Amino acid sequence: MRRFAAVSWIAIPLAGALVLSGCSSAKSDGDDLQIVANPVAAKPAVSPAVTVKPAGQVLATGAVSAVAVAQGTLVVALAQPPSLQLYDLGALASPPVNMPLYGKAEKLSVAPGRVEIAEPAQGVVQQLTLPDRKLTETKTGGQPASSIAYGADRLVAMGTAKDIQLLPVTGPARTIGGQLYSADDVVDTGKGVVVLDRLRTAVFSVDVAAGKVNEGLRAGDGAANAVADSYGRVLVTDARAGALIAFSASPLIMRQRYPVPGGVYGIAYDARRSLAWVTLTGRNEVVGFDVRGGEPVEKFRFPTVRQPDSVGVDETSGRVIVGSAAGEGTQVIQP
């Protein structure tokens, strides 16, 4: 097991952390969050060929776009044909249940008793309830990038539409907008809602009740993926600078920044063990960090399938799931 050189995790006031409040545009000379003239979302580093046997068990699947675990079920989203494969985690040798989708699932989010599925190319979000394996759809239009449960309602990050939709159980949808270039993921920390903007490589706090996006902070040089931890924070992978960054949600403050070389990209969180699992696509590895203390502590590191863009975790057993975007299978690792 290797550990990176420790650095001080950062707690800085809003005034010194590249804060943006109020509306602005890509052409604004005073926009501290705009780092290039024509922003492009960070992408995973291209993986080399696998030279070390992947740890654990590898299930034969096509190219994986997302993975999730809920109710003892491993849910694997395949890019082509757009579909879900559902595995019983207690019987991985059994054939999976195949469920077609309207389009490629870019994001799977776990909610109590279900998995939220965002299919941006089709303007649809679906809900997979478990264990009955029933799919229901909601047409959102646009290109929904992610969908999460928010109490009894749902919050949908609408990608290039630059806003968030609140989908109540009954009644019309509400739009929450302001100062975003792209609403790529939305995270509920339990202490506040945060939206990830990959184009702007920034995070913004969201006032759901008021229906507006509030202040924002830069999230490194290439914010890629985000997840909530057990401490009211949002953990963000910086794919360009190679870092794991943590923000408190209320108020929005950068609390931690830790170097993670190797092409960090995907992220999942095990709340029972306080482990943040990140994939390193430049090395074909997955690393588990204990994030309870003042700085992350590396606890696990495993070789993976090629192009490990997606990762999930089964909190019951602690097993880690890694999906190959190159079509080389879905990996199940017991740490």
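## Asp 314 and its loop

The side chains of Asp 314 and Ser 317 are joined by a polar contact of 2.7 Å, a polar contact being a pair of N or O atoms within 3.5 Å in which, within protein, one must be able to donate a hydrogen and the other to accept it, while residues adjacent in sequence count only if both atoms are side-chain atoms. This is a predicted model, in which local features need pLDDT of at least 70 and side-chain atom pairs count only at pLDDT 80 or more, whereas totals for chains, interfaces and linings use all residues. Residues are numbered from 1 along each chain as its sequence is written, and side-chain values use heavy atoms, with hydrogens and water left out.

Asp 314 lies in the loop between strand 27 (310–313) and strand 28 (320–323), strands being DSSP runs of E with at least two residues, numbered from the N terminus. Asp 314 counts as buried because its relative accessibility is 8% (buried means under 20% relative accessible area, exposed over 50%, partly exposed in between, with a 1.4 Å probe and protein chains only). Not counting residues up to four places away in sequence, Asp 314 touches Val 69, Leu 89, Arg 273 and Arg 319, contact meaning heavy atoms within 4.5 Å.

## The four-stranded sheet

An open sheet of 4 strands has the order 2-29-28-27, with antiparallel pairing, where two strands pair if DSSP finds at least two bridges between them. Its edge strands, each pairing on one side only, are strand 2 (57–59) and strand 27. Strand 2 is joined to strand 29 (residues 330–333) by 3 bridges, and Leu 59 has Thr 330 as its bridge partner in strand 29.

## Glu 137

Glu 137, found in strand 10 (residues 134–139), counts as partly exposed because its relative accessibility is 33%.
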